[in-house]
Amino acid sequence: MKKFIVCFAVFAFIVMFVPEIVFIFRRVQKDTKLDVVEVNELISELQNNWGNMDFEDYPDCSFDYAVLDNNDRLIFRDNYWNADTIVKATAERDTIRDIVVDGTIVGKLIIYNNVSSLEDMAFAKYAKQYIFSSAIVFLVILLALLWINYKVIKPFDDMKDFAISVASGNLDKPLKMDKKNVFGAFTESFDIMREELALAKERELQANISKKELIAQLSHDLKTPVASIKAMSEVLSVKEDREQVKNKLVAIGDKADQIDRLVSDLFTSTLEELERLEINTSELASTELVQMIRTADYKGYLVELDIPECMVMCDKIRVGQIFSNIFYNSYKYADTDIYVDGETDTDSLCISITDRGGGVPSEELAMIVDKYKRGSNASDKQGAGLGLYISKELMEDMQGSLEVTNADGGFRVILSFKLA
């Protein structure tokens, strides 16, 4: 658009000033031409009054002239610098005309060749007019450009910035309405488009929230029948004496555990995306942490548990979920004995949970705590890659931390709780 305005200004300048320059040259040429009629009138008067004219009787003309007799003697000259002989007049390229009385040449009329000085005067005269007219035209063009800038370019730039803002997702800022500019009709249409896009985005957001709420509700409801299946399989396995049937019942219980873990991950992840995963921290004794660890070890792989007595700040429900996730991962990926140790420093209790399953490649340690990330050694195992991610997020929400490393021939998770 700005390039168009510049081209328009150049075009306007050419259209307005080139004809003016041509006109000036034509006027200069016209002004420097000798008036033949005036010359003939002067010759006629000289012929009619030859010999009877005093100095003051010679008429004033638009050109300088001199009058000589046949003996080349000067009779009249209206300008001191005029040529006063035929020879000088010829050298100056002056116009020489005969003065004839009764068929006899009685004298010569010399008209001074002052074209150069006339051209200079004409150019000076018309240059002033040109400068004045140029100033007026320049002012008109400037005012036109300012009007175009205010009425066309600025509204266009506003619409361009508005389009960029809408494309980046900012649908809250309205487009300024101004029906007086050339884009006035479009301005209102663009803002209506913004409002419609904002409504569509809000509807999409609400639809996504409803979908996630449905997933959270269904995953929560699934936990009850899964728990019932697990409980029934445990009861039947205790009562069953046949080894083959008992093993199948145990397998059913393990699958129910697996389903329960996946549903828990889905439920927690959905709540997290909905920002409804509430954390309520309170003081909790480390002895309760010990009991929660033993509860999480439902397979009985725990061979060492040593946590000093202290008080920590945490959410009991979330901590139980964290221990369950860690032990479940150890069962699935390591399937070895588990060792739990704790120690305190000035402001925290650190609990390390270690298996003997060989750990994970060191270059993958940093990424396995991210959402949907799993180690390369887990490719043949089922899982969503949410357990450690959820546990890490929960620990940080409780002002603690979760770190992972390889240690003692296996994989270690270090939980840091803030002391009360």
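Phe-138 is exposed, at 54% relative accessibility. The cut-off for that class is over 50%, so the label follows directly from the number. This is a predicted model, and that applies to everything I say here. Phe-138 lies in helix α4, which covers residues 115-167. Together with Leu-139, Leu-142, Leu-143 and Leu-146, Phe-138 makes a nonpolar patch on the surface, of about 500 Å².

Now the chain as a whole. The protein chain has 420 residues, and 35% of them count as buried. Its secondary structure consists of nine helices and eleven strands. The accessible surface is about 25700 Å², and carbon and sulfur atoms hold 56% of that. On contacts: taking those with a separation of 6 or more, 62% are between residues 24 or more positions apart.

Next, charge on the surface. Which residues gather in a patch of negative charge? They are Glu-45, Asp-54, Glu-56 and Asp-57. Of these I will place Glu-45, which sits in helix α2, residues 36-48. Glu-45 has 32% relative accessibility, and therefore counts as partly exposed.

On to the salt bridges. Side chains of opposite charge can pair when their charged atoms come close. How many salt bridges does a search of the whole structure find? The search finds six, and I will go through some of them.

One joins Arg-242 to Glu-240, with 2.8 Å between the closest N and O atoms. Are the two partners buried or exposed? Arg-242 has 54% relative accessibility, so this residue is classed as exposed. Glu-240 has 16%, so Glu-240 is classed as buried. This bridge therefore pairs an exposed arginine with a buried glutamate.

Another bridge is between the side chains of Glu-396 and Lys-392, at 2.6 Å from N to O. Glu-396 and Lys-392 are about one helical turn from each other, because they stand four residues apart in helix α9. Glu-396 is partly exposed, at 39% relative accessibility. Lys-392 is partly exposed too, with a relative accessible area of 22%.

Asp-408 and Arg-412 also meet through their side chains in a salt bridge, and here the N to O distance is 2.7 Å.

Let me stay with helix α9 for a moment. This helix runs over residues 387-397, and its buried residues include Gly-387, Leu-388, Tyr-389, Ile-390, Ser-391, Leu-394 and Met-395. So helix α9 carries buried residues as well as the partly exposed pair Glu-396 and Lys-392. After α9 comes Gln-399, with a positive phi near 65 degrees.

That leads to backbone angles elsewhere. Asp-72 is not a glycine, yet its phi is positive, about 65 degrees. Where is Asp-72? It is in the loop between β1, residues 65-69, and β2, residues 74-77. With 30% relative accessibility, Asp-72 is classed as partly exposed.

Asp-335 is another residue with a positive phi, about 60 degrees, without being a glycine. Asp-335 belongs to the loop between α8, residues 316-333, and β8, residues 338-344. Its relative accessible area is 45%, so Asp-335 is partly exposed.

To go back over the main points: there is a nonpolar patch that includes Phe-138, and a negative patch that includes Glu-45. There are six salt bridges in the whole structure, one of them within helix α9. Positive phi values occur at Asp-72, at Asp-335 and at Gln-399.

How values were computed:
Residues are numbered from 1 along each chain as its sequence is written. This is a predicted model: local features need pLDDT of at least 70, side-chain atom pairs count only at pLDDT 80 or more; totals for chains, interfaces and linings use all residues. Side-chain values use heavy atoms; hydrogens and water are left out. Patches are made of residues with over 30% relative accessible area and no salt bridge: like charges are joined within 9 Å, nonpolar side chains (Val, Leu, Ile, Met, Phe, Trp, Tyr) within 5 Å. Accessible areas come from the Shrake-Rupley method with a 1.4 Å probe; for residues, only the protein chains shown count as cover. A salt bridge is a side-chain nitrogen of Lys or Arg within 4 Å of a carboxyl oxygen of Asp or Glu. Lys and Arg count as positive and Asp and Glu as negative; His and the chain ends are not counted. The place of a charge is taken as NZ of Lys, CZ of Arg, CG of Asp or CD of Glu. Helices (H or I, at least four residues) and strands (E, at least two) are DSSP runs, numbered from the N terminus. Buried means under 20% relative accessible area, exposed over 50%, partly exposed in between (1.4 Å probe, protein chains only). Contact means heavy atoms within 4.5 Å.
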